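Dear colleague,

I am passing on the structure we spoke about, and below it you will find what came out of going through it. Please read the notes with the model open beside you.

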Amino acid sequence: MIELMHILPALAPFILIGFAAQMVDGALGMAYGVISSTLLITMGVHPKAASAGVHAAETCTTAVSAISHIYHRNLDWKLFVRLVIPGIIGGVSGAYLLSNIDSSAVKPLVQTYLAAIGLWLLWRSTHVIHPTGNPKIVGPLGLIGGFLDASGGGGWGPVVTSNLLLQGSNPRMTIGTVNTAEFLLTLSISATFLVNLGWQAFTLATTGLLIGGVIAAPFGAYLAKRIPSNRLLFLVGTVLTLTSAYGVAKSLGVLG
């Protein structure tokens, strides 16, 4: 009990990050990895450790989220099968790449990528997508989304969910399906990081993200039905753009 009281102050910020990120991810089918990675890297966590920690935590949070979406029947099983295999292939490839390159070199690139995703989300928040039918381009989205998610610490949701919506996929079913497929994706990515980096990549931050995410996960499927997506997209895009721009400037020495 005494040891827990000593750890809690250091753990609290990561619990809050995990909780907030999972609430958004559960409602939109995107942004857990992007928000968590952005804030972790901004706090000084190396990209490798940030991505490994986020995906380790997501293994548990996406499991709870998947169960919630299945319970609320927010799932298209045919779309799930088309997404999950390419996603795993891309995710394992991205995790292997990130595990075997210099983190100091990749950090500005990761931050720039996340800033671009933030700007893209801002743009998406100003557009209304009307469902028109079943998406035709699915496998390539899974492959690219999985690769970017592992190598950049986030991107599965922003790439896959939004592109499926652009193709006219039903928003509720898309969010539930993408979240459910993400469980198997993060499980594969975490296993790859574990093989290449060892247990040292999974830090106190991982524990905090896991606790916060698991607490928030059951509410995601419910929020997917209640909160206007455009409002949350705007807020997520604003946070990501500002924090990532700060990270890029810091990495390049502009802020000292």
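Two residues are said to be in contact here when heavy atoms of theirs lie within 4.5 Å. Please keep in mind throughout that this is a predicted model.

With that cut-off, and leaving aside neighbours within four places in sequence, Leu240 is in contact with Val34, Ile35, Thr38, Leu114, Ala115, Ile117, Gly118 and Leu121. Leu240 is also one of the residues that touch the most other members of the largest nonpolar core, a set of 22 residues, and it shares that standing with Tyr32, Ile35, Leu40, Ile117 and Leu209. At least two residues of this core come from each of α1 (2-28), α2 (32-42), α3 (47-71), α5 (103-124) and α9 (204-226), and the most come from α2, which gives five. A second core, separate from this one and made of 16 residues, includes Val84, Ala150, Val159 and Ile189.

The helix α2 deserves a closer look, since 10 of its 11 residues are buried, so that it is largely enclosed by the rest of the structure. The buried residues of α2 are Tyr32, Gly33, Val34, Ile35, Ser36, Ser37, Thr38, Leu40, Ile41 and Thr42, and just after this helix Gly44 takes a positive phi of about 105 degrees. For α7 (residues 156-166) the account runs along similar lines: nine of its 11 residues are buried, so this helix too is largely enclosed by the rest of the structure. Among the buried residues of α7 are Trp156, Pro158, Val159 and Leu164, and the helix is followed by Gly168, whose phi is positive, near 95 degrees.

A positive phi is also found at Arg73, at about 60 degrees, although this residue is not a glycine. Arg73 lies in the loop between α3 and α4, and it is exposed, with a relative accessible area of 69%.

Within α3 itself you will find Ser65, which counts as buried at 1% relative accessibility. Its side chain makes a polar contact of 3.4 Å with the side chain of Asn179, and, not counting residues up to four places away in sequence, Ser65 touches Gln22, Asn179 and Ala217.

Turning to the surface, Ile85, Ile89, Leu143 and Ile144 make a nonpolar patch of about 370 Å², to which α4 (77-99) and α6 (139-152) each give two or more residues. Ile144, which is found in α6, is partly exposed, with a relative accessible area of 46%.

Finally, Phe234 sits in helix α10 (residues 229-251) and is partly exposed, with a relative accessible area of 45%. Not counting residues up to four places away in sequence, Phe234 touches Leu122 and Ser125; Phe234 and Ser125 are 109 residues apart in sequence, while their C-alpha atoms are 5.2 Å apart in space.

With best regards

Conventions: Residues numbered from 1 in each chain as written. Predicted model: local features only at pLDDT ≥ 70, side-chain atom pairs only at ≥ 80, totals over all residues. Heavy atoms only, no water. Core = buried A, V, L, I, M, F, W, Y, C linked by side-chain atoms within 4.5 Å. Buried < 20%, exposed > 50% of the residue type's maximum accessible area, 1.4 Å probe, protein only. Helix = DSSP H or I, 4+ residues; strand = E, 2+ residues; numbered from the N terminus. Patch = residues over 30% accessible without salt bridge, like charges linked within 9 Å, V, L, I, M, F, W, Y side chains within 5 Å. Areas by Shrake-Rupley, 256 points an atom, 1.4 Å probe, with all protein chains shown as cover. Salt bridge = Lys/Arg side-chain N within 4 Å of Asp/Glu carboxyl O. Polar contact = N/O pair within 3.5 Å; in protein donor to acceptor, adjacent residues only side chain to side chain.
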